[in-house]
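Reader: I should like to learn how the features of a protein model are read. May we go through one together, step by step?

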Amino acid sequence: MRRVRICVVLAWLVFAGQTLAAESSVHVTLVKAAHLVDPHTGNVLSPAGVLVENDKIKEVGPLSRVQANAPAGVKTIDLGSATLLPGLIDGHTHLFLDIIVPPEAEEARHFNGLFEPGLLLAIVESPSKRALMAAQSARQDLESGITTVRNLGHSGIDGDTELREAVNAGRVLGPRILAAGRKLITQGSYAQNLNPALADAILKQEFLLINGGDRARQAVRENVFQNVNVIKVTADENLTVPELIAVIEEAHRNHLKAAVHAVDKASIQTAIDAGADSIEHGDEVTDEQLKLMRDKSIFLDLTPTAYGDFFRKITEPVVVISAASRATWASSYTAARRRQRYGQLVERVQKSGVKVAAGSDMCWFYPGKTRGEASVETFVHLREAGMPALDVIRAVTSNAAEMLGWQDRIGAIEPGKFADLVAVSGDPLADITELERVRFVMKDGQVVRNDFASH
Amino acid sequence: MRQVRMFLSVAAFFFVAGQLMPQSPVQVTLVKAGRLVDPKTGNVLAPAAVLIEDKKIKEVGAPSKVQAQSGAKIIDLGKATLLPGLIDSHTHLLVDPIVPAEAERSRHYNGDFLPGLLLAIAESPSKRVLMGAQLAREDLESGITTVRNLGHSGIDGDTELRDAINAGRVPGSRILASGRKLITRGSYLQNLNPALADAILQQEFFLIEGADRAREAVRRNEFQNVDVIKVTADENLTVAELTAVVEEAHRAHLKVAVHAVDKTSIQTAIDAGADSIEHGNQITDEQLKLLRDKGIFFDFTPTFYGDFWTRVREATVGISPALRERWAKLDVSDTETYNTLVQHVLKSGVKFAAGSDMGWYVPGKTRGQASVSRFPVLHQGGMTSLDVLRAITSNAAEMLGWQDRIGAIEPGKFADLVAVSGDPLADITELERVRFVMKDGQVVRNDLASH
């Protein structure tokens, strides 16, 4: 261990030396905007100045003061009447999936038919092909203002950890990525129709199977070997509390949080009992469970992906819709019922005082939208489901940062944080759909997009 | 070896004895119809009677001459026209790909076929063979009493389906099974995950890499008891490799059907001594002459003739205006190309047969309807109705090497018959409206009975 440390220190010295030699000058930028929303407090600062030094925020405050403290001749970005927000955080996404809704006849052939053919293709085709697709999705997320994502599985063995490294190294453009590596599942959660002669080999490319506590620990270690940032587990009714405890102990020993997919009541209880750090989806959570989560400080990560008529929107342009399906969609049943149920969930969650973040859970090919546009649209769903605009913003900034354990780095426009900023033209507190029209994006102090510049 | 033989003859003895005891009376059936077409001669017998004893045809002729003893079952088909059961000499019962959405299609090499093929391989063989059973039944119900299944059936899907049909476990066409298709790496599934590629390919194909591997592939198929060897020839395949395949197959008394579309691959198939060229779309007149001289069959597969693609897509996925226009043009140009091909082949005097090459989910049609719909298009392409009939009966039987068993209504042949209401020589689309099907002397379908 000591030898490793020495080697790391040496490498750092060499690296630091190179960095200093190559670009010793500090890069300072002043960003000016009419308004700045602090999601944490709900305060709005008008007009606002943000002083950025290299990749970090140095100072935030009333424009006059910040301007006065800025060095002479500083590079200035004037966003006019726009409103600044912290860069958005998507707490739950899948950059390595981009599933095209299959024709109805194809869907009918598989368990979990809507998802299955696309997932299988993603696994059995080339990981290189897949990584290049993910690079595109990552860039599109960033361009829509998502400066950080937590990628929770479905990325092959090392797709998301490698994409994270490539983004960090500046090889490709993308958000900051917290990578989960392979998802831990019990056999039976996904891809149930597989050819038995191939099943284990195929599953191994995408998942780590939990069969007992020892295998569960081993699974975490295999992910640790790939240098993951978080452990993702899918809890279903098969998963036992001891197995999940083993996962979480092992994850925590490595200072990793455990994000647990749990939709039904039984799985949610397993996640709570085992001490999960966040419950993903949680659609069927009870009031008692919400109270337990609040008391144990377990985050609820809402994923209102399929809210409303989402599936109609991604299906209609792609495949022929049978009269029967059309009738189902048209009836009050599907979309309205989904709205009603999600509305009730949001209301109960708000009332419970549980800590809430949000994720797009985006894994679908959405015709006419980039991956970023598709992802941000799901945040707006929360407002439609009854969450106040400020809480929606919190769910994808300050709260999400806390859920990720990165509250010291992201989620707020504060000195010392990474300079991840977005700006919109209107007032996002009055109209949350402003998030879908992000006009300015900065990540790590670098401008990714500035639609205001042409004015 | 002697030991094996002895064991077999003992087993045969028990088997024969077992059969004789429970059902010793011979089942006799007399089928009468207004007309009977003999594809080989083109002669029409009117009216006609066919006497069937168990699975085989005993006698064919005028009803006045062909008579059954009392107790025979009589099936009177009225004015209908009898034909030999149809033979689809090129089909794929264990794939049924649904055309993918445009966006999906554009993500893969060979995009229309690939997602469906991959799913078929990566998912359960049990699931697959049950689907195959459905498609085999549907083929039979449309009058296809024999198929040659040329690959894409997993390791043993088609051989097992054949045996299950022969054992009466599931209804379906007589199957000549090819087992796994022999290919050079690169013909299919080019985008695979390298960690899985070999395992996946092995479930569906044999990779030919050198003559020794080629021979081994044939032997492994023999181990599954295949009826024919299917090889995909592309520009990678060498004559030496294909010669090894053909030699090994012939040693086992198996014919070799070679998929060859472009000129180079067709030449490879000819030079190596293939028994039939499948598809052959780009064949030259010189090559046709070689085929004729060497007695190599040309197996037409007019699958995509006309607006096949447009119709299949229209019912399944959204179509952008740009692609709709492109496909409409392709529909026209492909059809013109095919019309020319038909003319050249007919003029050459080469022996020909036809197969549906059906490996697609066609909305609104059973597999049988989809398959049979491909035969009348040959007439649209300029082939006489009689030649179309020959291509899927007598000629096909000869191509399969089963001319002693199927393809004609003659004494000694299997009692595989179909009947249509109208005159198939005047309107070949009558094939798409088969009203009566008999296979092995058993009635599969008789829509004429209700009258």
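Author: Certainly; please keep in mind that this model is predicted. Let us begin where the two chains meet: across the interface of chain B and chain A, 19 residue pairs are in polar contact, both residues having pLDDT of 80 or more.

Reader: Which elements of chain B give two or more residues to the side that touches chain A?

Author: They are α2 (102-105), α3, α4 (125-141) and α6 of chain B. Sorted by residue class, that side of chain B consists of 20 nonpolar, 7 polar and 6 charged residues.

Reader: How many residues of each chain are in contact?

Author: From chain B, 33 residues are in contact with 31 residues of chain A. The area buried between the two chains is about 2,800 Å², and carbon and sulfur atoms give 62% of it. Three residues deserve to be located in the view: I98(B), R107(B) and L119(B) supply 20% of the area that chain B buries against chain A, more than any other three residues.

Reader: How many salt bridges does the rule find across this interface?

Author: A salt bridge is recognised when a side-chain nitrogen of Lys or Arg is within 4 Å of a carboxyl oxygen of Asp or Glu. Across the interface of chain B and chain A, 2 are found. The side chains of R109(A) and D96(B) form a salt bridge, with 2.6 Å from N to O.

Reader: At what angle do helices α3 and α6 of chain B pack?

Author: Angles of 65 to 115 degrees count as roughly perpendicular. Helix α3 (residues 114-122) and helix α6 (residues 194-204) of chain B pack at about 90°, their axes being 9 Å apart. Therefore α3(B) is roughly perpendicular to α6(B). On α3(B) the contact is made by L117(B), L118(B) and I121(B), and on α6(B) by I200(B), Q203(B) and E204(B). These residues comprise 4 nonpolar, 1 polar and 1 charged.

Reader: Is the peptide bond from A46(B) to P47(B) cis or trans?

Author: That bond is cis, with omega near -10°, and P47(B) is placed in the loop between β3 (44-45) and β4 (48-53) of chain B. In chain A, a cis peptide bond joins S46(A) and P47(A), with omega of about -15°. P47(A) is found in the loop between β3 (44-45) and β4 (48-53) of chain A.

Reader: What is the sign of phi at N227(A)?

Author: Phi is positive there, at about 65°, although N227(A) is not a glycine. The residue lies in the loop between α8 (213-225) and β13 (230-234) of chain A. H255(A), not a glycine either, has a positive phi of about 60°.

Definitions and conventions:
Residues are numbered from 1 along each chain as its sequence is written. Chains are lettered from A and ligands numbered from 1 in the order in which they are written. This is a predicted model: local features need pLDDT of at least 70, side-chain atom pairs count only at pLDDT 80 or more; totals for chains, interfaces and linings use all residues. Side-chain values use heavy atoms; hydrogens and water are left out. Axes are lines fitted to C-alpha atoms, for helices over the stretch in contact, and angles run from 0 to 180 degrees between N-to-C directions. Helices (H or I, at least four residues) and strands (E, at least two) are DSSP runs, numbered from the N terminus. Angles under 35 degrees count as roughly parallel, over 145 as roughly antiparallel, 65 to 115 as roughly perpendicular and the rest as oblique. Contact means heavy atoms within 4.5 Å. Ala, Val, Leu, Ile, Met, Phe, Trp, Tyr, Cys and Pro count as nonpolar, Asp, Glu, Lys and Arg as charged, and the others, Gly among them, as polar. Buried area is the accessible area (1.4 Å probe) that two parts lose on being put together, summed over both. A polar contact is a pair of N or O atoms within 3.5 Å; within protein, one must be able to donate a hydrogen and the other to accept it, and residues adjacent in sequence count only if both atoms are side-chain atoms.
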